[in-house]
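Subject: Structure for your review

Dear colleague,

I am handing over the structure below, and after it I set out what was found. Please read the notes with the structure open beside them.

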Amino acid sequence: MERIAVCPGSFDPITYGHIDIIKRGAKVFDQVRVVVMHNSSKHPLFTPEERIQLIREVTKDIPNVEVDSSSGLLMDYAKKVNANAIIRGLRAVSDFEYEMQITSMNRVLDEDIETFFIMTNNQYSFLSSSIVKEVAKYHGNVSTLVPAIVEKSLNEKYAK
(Lines give C-alpha, C1' and ligand atoms only; values in the text may rest on other atoms or scores of the structure.)
Protein backbone atom coordinates (compact mmCIF):
# COMPACT_ATOMS: atom_id res chain seq x y z
CA MET A 1 0.00 0.00 0.00
CA GLU A 2 1.35 3.38 -1.01
CA ARG A 3 1.82 5.80 1.89
CA ILE A 4 0.19 9.07 0.82
CA ALA A 5 0.32 12.12 3.07
CA VAL A 6 -1.46 15.43 2.70
CA CYS A 7 0.36 18.56 3.83
CA PRO A 8 -2.35 21.26 4.08
CA GLY A 9 -2.03 24.97 4.58
CA SER A 10 -2.82 28.38 3.21
CA PHE A 11 0.81 28.90 2.10
CA ASP A 12 0.29 32.64 1.64
CA PRO A 13 3.17 32.63 0.80
CA ILE A 14 5.18 29.45 1.15
CA THR A 15 8.24 29.95 3.39
CA TYR A 16 11.44 28.04 4.08
CA GLY A 17 9.69 26.68 7.18
CA HIS A 18 6.95 25.13 5.03
CA ILE A 19 9.53 23.76 2.60
CA ASP A 20 11.46 22.18 5.47
CA ILE A 21 8.33 20.31 6.62
CA ILE A 22 7.48 19.24 3.05
CA LYS A 23 11.01 17.91 2.37
CA ARG A 24 11.12 16.00 5.63
CA GLY A 25 7.66 14.54 5.01
CA ALA A 26 8.75 13.49 1.51
CA LYS A 27 11.52 11.38 3.08
CA VAL A 28 8.95 9.40 5.09
CA PHE A 29 5.99 9.07 2.72
CA ASP A 30 5.80 7.69 -0.81
CA GLN A 31 3.82 10.71 -1.93
CA VAL A 32 3.19 14.08 -0.31
CA ARG A 33 0.30 16.13 -1.63
CA VAL A 34 0.74 19.76 -0.67
CA VAL A 35 -2.76 21.19 -0.70
CA VAL A 36 -3.60 24.88 -0.66
CA MET A 37 -6.69 25.09 1.52
CA HIS A 38 -9.18 27.90 1.01
CA ASN A 39 -9.86 29.43 4.42
CA SER A 40 -12.83 31.79 4.38
CA SER A 41 -11.64 33.50 7.58
CA LYS A 42 -8.36 34.60 5.98
CA HIS A 43 -7.78 37.33 3.42
CA PRO A 44 -4.89 36.03 1.31
CA LEU A 45 -2.43 38.21 -0.58
CA PHE A 46 -1.96 35.61 -3.33
CA THR A 47 -4.70 33.87 -5.29
CA PRO A 48 -4.92 30.07 -4.91
CA GLU A 49 -3.51 29.72 -8.43
CA GLU A 50 -0.53 31.95 -7.61
CA ARG A 51 0.18 29.98 -4.42
CA ILE A 52 -0.02 26.68 -6.30
CA GLN A 53 2.40 27.94 -8.94
CA LEU A 54 4.88 29.19 -6.33
CA ILE A 55 4.73 25.89 -4.43
CA ARG A 56 5.21 23.89 -7.63
CA GLU A 57 8.23 25.98 -8.51
CA VAL A 58 9.94 25.65 -5.12
CA THR A 59 9.20 21.91 -4.79
CA LYS A 60 9.95 20.90 -8.40
CA ASP A 61 13.11 19.07 -7.32
CA ILE A 62 11.23 16.82 -4.90
CA PRO A 63 9.91 14.03 -7.14
CA ASN A 64 7.26 12.63 -4.79
CA VAL A 65 5.54 15.97 -4.12
CA GLU A 66 2.35 17.02 -5.88
CA VAL A 67 0.52 20.32 -5.42
CA ASP A 68 -3.23 20.81 -5.42
CA SER A 69 -5.96 22.94 -3.84
CA SER A 70 -9.21 22.31 -2.03
CA SER A 71 -12.07 24.44 -0.79
CA GLY A 72 -13.77 21.73 1.25
CA LEU A 73 -12.94 19.79 4.38
CA LEU A 74 -9.39 18.51 4.63
CA MET A 75 -10.56 15.00 5.49
CA ASP A 76 -12.80 14.86 2.40
CA TYR A 77 -9.81 15.81 0.27
CA ALA A 78 -7.60 13.24 2.02
CA LYS A 79 -10.15 10.49 1.34
CA LYS A 80 -10.50 11.58 -2.29
CA VAL A 81 -6.74 11.13 -2.90
CA ASN A 82 -6.53 7.92 -0.81
CA ALA A 83 -4.25 9.52 1.76
CA ASN A 84 -3.60 7.71 4.99
CA ALA A 85 -1.84 10.58 6.76
CA ILE A 86 -1.86 14.31 7.37
CA ILE A 87 1.42 16.16 7.95
CA ARG A 88 1.36 19.23 10.16
CA GLY A 89 4.29 21.40 11.18
CA LEU A 90 4.72 22.66 14.74
CA ARG A 91 6.81 25.74 15.48
CA ALA A 92 6.25 26.24 19.19
CA VAL A 93 4.14 25.11 22.11
CA SER A 94 1.64 27.81 21.16
CA ASP A 95 0.83 25.89 17.94
CA PHE A 96 0.09 22.69 19.83
CA GLU A 97 -3.30 23.56 21.35
CA TYR A 98 -4.75 24.73 18.04
CA GLU A 99 -3.34 21.72 16.18
CA MET A 100 -4.67 19.33 18.83
CA GLN A 101 -8.20 20.71 18.36
CA ILE A 102 -7.99 20.36 14.57
CA THR A 103 -6.55 16.85 14.82
CA SER A 104 -9.24 15.78 17.27
CA MET A 105 -11.96 17.03 14.93
CA ASN A 106 -10.30 15.29 11.98
CA ARG A 107 -10.30 12.02 13.95
CA VAL A 108 -14.06 12.39 14.44
CA LEU A 109 -14.44 12.83 10.68
CA ASP A 110 -12.18 9.88 9.79
CA GLU A 111 -10.30 7.88 12.41
CA ASP A 112 -8.38 5.92 9.76
CA ILE A 113 -6.31 8.92 8.67
CA GLU A 114 -3.47 9.63 11.09
CA THR A 115 -1.93 13.04 11.74
CA PHE A 116 1.83 13.33 12.05
CA PHE A 117 3.44 16.40 13.56
CA ILE A 118 6.89 17.47 12.45
CA MET A 119 8.72 19.93 14.64
CA THR A 120 10.23 22.71 12.60
CA ASN A 121 13.96 23.24 12.56
CA ASN A 122 14.92 25.81 15.20
CA GLN A 123 16.02 28.31 12.57
CA TYR A 124 12.38 28.53 11.37
CA SER A 125 10.61 28.42 14.74
CA PHE A 126 9.64 32.11 14.55
CA LEU A 127 8.70 32.07 10.88
CA SER A 128 5.15 32.49 9.57
CA SER A 129 3.63 33.69 6.33
CA SER A 130 2.12 36.62 8.24
CA ILE A 131 5.53 37.77 9.46
CA VAL A 132 6.97 37.46 5.96
CA LYS A 133 4.14 39.53 4.48
CA GLU A 134 4.51 42.20 7.15
CA VAL A 135 8.25 42.58 6.50
CA ALA A 136 7.80 42.53 2.71
CA LYS A 137 4.98 45.08 2.89
CA TYR A 138 7.46 47.62 4.28
CA HIS A 139 10.16 46.56 1.80
CA GLY A 140 12.25 44.68 4.37
CA ASN A 141 14.63 41.93 3.36
CA VAL A 142 12.90 38.52 3.30
CA SER A 143 15.59 36.71 1.27
CA THR A 144 16.50 34.42 4.18
CA LEU A 145 12.84 33.56 4.85
CA VAL A 146 11.52 32.61 1.40
CA PRO A 147 12.95 31.40 -1.92
CA ALA A 148 13.91 34.07 -4.49
CA ILE A 149 10.81 33.50 -6.64
CA VAL A 150 8.57 34.08 -3.62
CA GLU A 151 10.52 37.20 -2.66
CA LYS A 152 10.11 38.51 -6.21
CA SER A 153 6.36 37.80 -6.14
CA LEU A 154 6.00 39.57 -2.79
CA ASN A 155 7.90 42.59 -4.07
CA GLU A 156 5.65 42.73 -7.13
CA LYS A 157 2.49 42.52 -4.99
CA TYR A 158 3.62 45.29 -2.66
CA ALA A 159 4.88 47.53 -5.49
CA LYS A 160 1.26 47.99 -6.63
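To begin in the sheet, Ala5 stands opposite Val32 in β2. Please keep in mind throughout that this is a predicted model.

**The sheet around β1 and β2**

The pair just named belongs to a longer contact, since β1 and strand β2 (residues 31-37) run parallel and are joined by 6 bridges. Further along these strands, Pro8 stands opposite Val35 in β2. Between the two strands the chain passes through α1, and this β-α-β crossover from β1 to β2 is right-handed.

Ala5 also has a bridge partner in β4, namely Ala85, and the pairing of β1 with β4 is likewise parallel, with 2 bridges.

How many residues of β1 are buried? The count is 6 of the 6, so β1 is largely enclosed by the rest of the structure. In a regular strand the side chains alternate between the two faces of the sheet. In β1 both faces are covered, with Ile4, Val6 and Pro8 buried on one side and Ala5, Cys7 and Gly9 buried on the other.

For β2 the count is 7 of the 7 residues buried, so β2 too is largely enclosed by the rest of the structure. Val32, Val34 and Val36 point one way from β2, while Gln31, Arg33, Val35 and Met37 point the other way, and all of them are buried; you may wish to look at Arg33, a member of that buried set.

Beyond β2, the next partner is strand β3 (residues 65-70), which pairs with β2 in the parallel sense over 6 bridges. Here the bridge partner of Met37 is Ser70 in β3. Together with helix α2 (residues 48-59), β2 and β3 make a right-handed β-α-β unit.

**The sheet around β4 and β5**

β4 runs parallel to strand β5 (residues 114-119), and 6 bridges join them. Within this pairing, Ile87 has Phe116 of β5 as its bridge partner. β4, α4 and β5 make up a β-α-β unit that is right-handed.

**The largest pocket**

The largest pocket holds about 1,200 Å³ of space. Which elements give two or more residues to its lining? They are β1 (4-9), α1 (16-28), α3 (74-80), β4 (85-90), α4 (93-109) and α5 (129-137), and α4 gives the most, with 7 residues.

In total 41 residues line this pocket, and those that lie nearest its centre are Gly9, Ser10, Lys42, Arg88 and Tyr98. By residue type, the lining divides into 19 nonpolar, 15 polar and 7 charged residues. Gly9, one of the residues nearest the centre, is also among the buried residues of β1.

**Backbone details to check**

Most residues other than glycine have a negative phi, and most peptide bonds are trans. Three places depart from this pattern, as follows.

- The peptide bond from Asp12 to Pro13 is cis, with omega near 0°, and Pro13 has its place in the loop between β1 and α1.
- Phe11, which lies in the loop between β1 and α1, has a positive phi of about 50° although it is not a glycine; Phe11 is buried, with a relative accessible area of 4%.
- His139, in the loop between α5 and α6 (148-159), has a positive phi of about 65° although it is not a glycine; His139 is exposed, with a relative accessible area of 59%.

**The whole chain**

The protein has 6 helices and 5 strands, and from the N terminus on its elements run β-α-β-α-β-α-β-α-β-α-α. Why can its radius of gyration be said to agree with that of a compact globule? With 160 residues, such a globule would have a radius of gyration near 15 Å, and the protein has 15 Å, which agrees. Taken along the principal axes, the box filled by the C-alpha atoms is roughly 45 × 30 × 30 Å. Of the 160 residues, 46% count as buried.

One distance may help to fix the scale: the C-alpha atoms of Val135 and Ala85, which are 50 residues apart along the chain, are separated by 34 Å. Val135 is found in helix α5 and is partly exposed, with a relative accessible area of 29%, whereas Ala85 is the residue of β4 that partners Ala5.

With best regards

Definitions and conventions: Residues are numbered from 1 along each chain as its sequence is written. This is a predicted model: local features need pLDDT of at least 70, side-chain atom pairs count only at pLDDT 80 or more; totals for chains, interfaces and linings use all residues. Side-chain values use heavy atoms; hydrogens and water are left out. On a 1 Å grid over the protein atoms alone, a cavity is a set of points where a 1.4 Å probe fits but cannot get out, and a pocket is an open set with protein on both sides within 12 Å along at least five of seven lines; lining residues have an atom within 4 Å of a point. Grid points are joined across faces, edges and corners, and a volume is the space filled by probe spheres set on the points. Helices (H or I, at least four residues) and strands (E, at least two) are DSSP runs, numbered from the N terminus. Ala, Val, Leu, Ile, Met, Phe, Trp, Tyr, Cys and Pro count as nonpolar, Asp, Glu, Lys and Arg as charged, and the others, Gly among them, as polar. Two strands pair if DSSP finds at least two bridges between them. A crossover is right-handed if, with the strands pointing away from the viewer, the path from the first strand over the helix to the second runs clockwise. The radius of gyration is taken over C-alpha atoms; the globule rule is 2.2 Å times the number of residues to the power 0.38. Buried means under 20% relative accessible area, exposed over 50%, partly exposed in between (1.4 Å probe, protein chains only).
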